[in-house]
Amino acid sequence: MADLVIDPKQVVLVRADQAVLITLPSGGSVVAGQAVRAGAGGEWEPADASAAATLTGAAIAARSAEYAGAAVTCVKRGYLDVGDALAGLAFGATVYFSDNAGMLSDTPGTVSKPASAVVPALGDVALSAQKLLFVDIEG
């Protein structure tokens, strides 16, 4: 399994007007591009694919929070520019939640839950990457 290396400083929400976003307080430090889930206390915490319970309410952080309680907006459905993190993946490739907490991977974890797909950044000329993550997370 190869986890994606996402530089939080390169994460940009694209076409925000078309996105499904959820804002909750962070349960600790959250970085943009991190796989998160809504924890029992209603705060974002790292998500992982080691068990179905650790993927409940999953999303991908669109921005970072450096302390617990800071509001963090996360993407359930929408487009994220993640810089060069997708360079080695083909268009149409599926990106999954990893067994490693907070990570995304190019291969399924123990629980095979897709998080997104790699799509071209057509018409989005201001972006740093030619590929985007199309996030589409159910549940």
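The following passage describes the cores, aromatic contacts and strand pairing of a predicted model.

The largest nonpolar core holds 25 residues. Within this core, Leu80, Val82, Phe97, Leu104 and Leu133 touch the most other members. Several strands contribute. At least two core residues each come from strand S5 (58-61), strand S6 (71-82), strand S7 (94-97), strand S9 (114-120) and strand S10 (131-136). S6 supplies the largest share, three residues. A second core is separate from this one and has nine residues. Among them are Val36, Ala59, Ala61 and Val72.

Leu133 illustrates the packing of the largest core. Beyond its neighbours within four places in sequence, Leu133 contacts Leu80, Val82 and Leu104. Its other contacts on the same basis are Gly78, Tyr79, Leu86, Val95, Ser116 and Ala117.

A pair of aromatic rings is described by the distance of the centres and the angle of the planes. One aromatic pair was counted in the model. It is formed by Tyr79 and Phe134, with ring centres 4.9 Å apart. The ring planes lie at 45 degrees, so the pair is classed as tilted. Angles under 30 degrees would count as stacked, and angles over 60 as edge-to-face. The pair links distant parts of the chain. Tyr79 belongs to strand S6 and Phe134 to strand S10, and 55 residues separate the two. Phe134 has a relative accessibility of 19% and therefore counts as buried; the cut-off is under 20%.

Two basic side chains lie over aromatic faces. Arg15 is placed over the face of Tyr79, 4.3 Å from the ring centre. Tyr79 is thus a ring with two partners, Phe134 in the tilted pair and Arg15 over its face. Lys131 is placed over the face of Phe91, at 5.3 Å from the ring centre.

Arg77 also lies in strand S6. Its relative accessible area is 38%, so Arg77 is partly exposed. The side chains of Arg77 and Asp136 are joined by a polar contact of 2.9 Å. Asp136 is also one of the residues in contact with Arg77 when neighbours within four places in sequence are left aside. The others are Gln18, Ala19, Val20, Phe134 and Val135. Phe134 therefore meets Arg77 as well as the ring of Tyr79.

Strand pairing was examined around S3 (residues 35-38). S3 and S5 run antiparallel and are joined by three bridges. Ala35 has Ile60 of S5 as its bridge partner. S3 also pairs with strand S4 (residues 44-46), again in the antiparallel sense and over three bridges. In this pairing, Val36 is bridged to Pro46 of S4. Val36 is also a member of the second core. The hairpin of S3 and S4 has five residues between the strands. There, Gly42 takes a positive phi near 75 degrees. The C-alpha atom of Gly42 is separated from that of Arg77 by 19 Å, and the two residues are 35 apart along the chain.

The loop between S4 and S5 contains Thr54. A polar atom of the Thr54 side chain lies 2.6 Å from the backbone oxygen of Asp48. Thr54 touches Asp48 together with Arg37, Ala47 and Ala49, residues up to four places away in sequence not being counted.

Definitions and conventions: Residues numbered from 1 in each chain as written. Predicted model: local features only at pLDDT ≥ 70, side-chain atom pairs only at ≥ 80, totals over all residues. Heavy atoms only, no water. Core = buried A, V, L, I, M, F, W, Y, C linked by side-chain atoms within 4.5 Å. Buried < 20%, exposed > 50% of the residue type's maximum accessible area, 1.4 Å probe, protein only. Helix = DSSP H or I, 4+ residues; strand = E, 2+ residues; numbered from the N terminus. Contact = heavy atoms within 4.5 Å. Phe/Tyr/Trp six-rings, centres within 6.5 Å; stacked < 30°, edge-to-face > 60°. Lys NZ or Arg CZ within 6 Å of the ring centre and 35° of its normal. Pairing = 2+ DSSP bridges. Polar contact = N/O pair within 3.5 Å; in protein donor to acceptor, adjacent residues only side chain to side chain.
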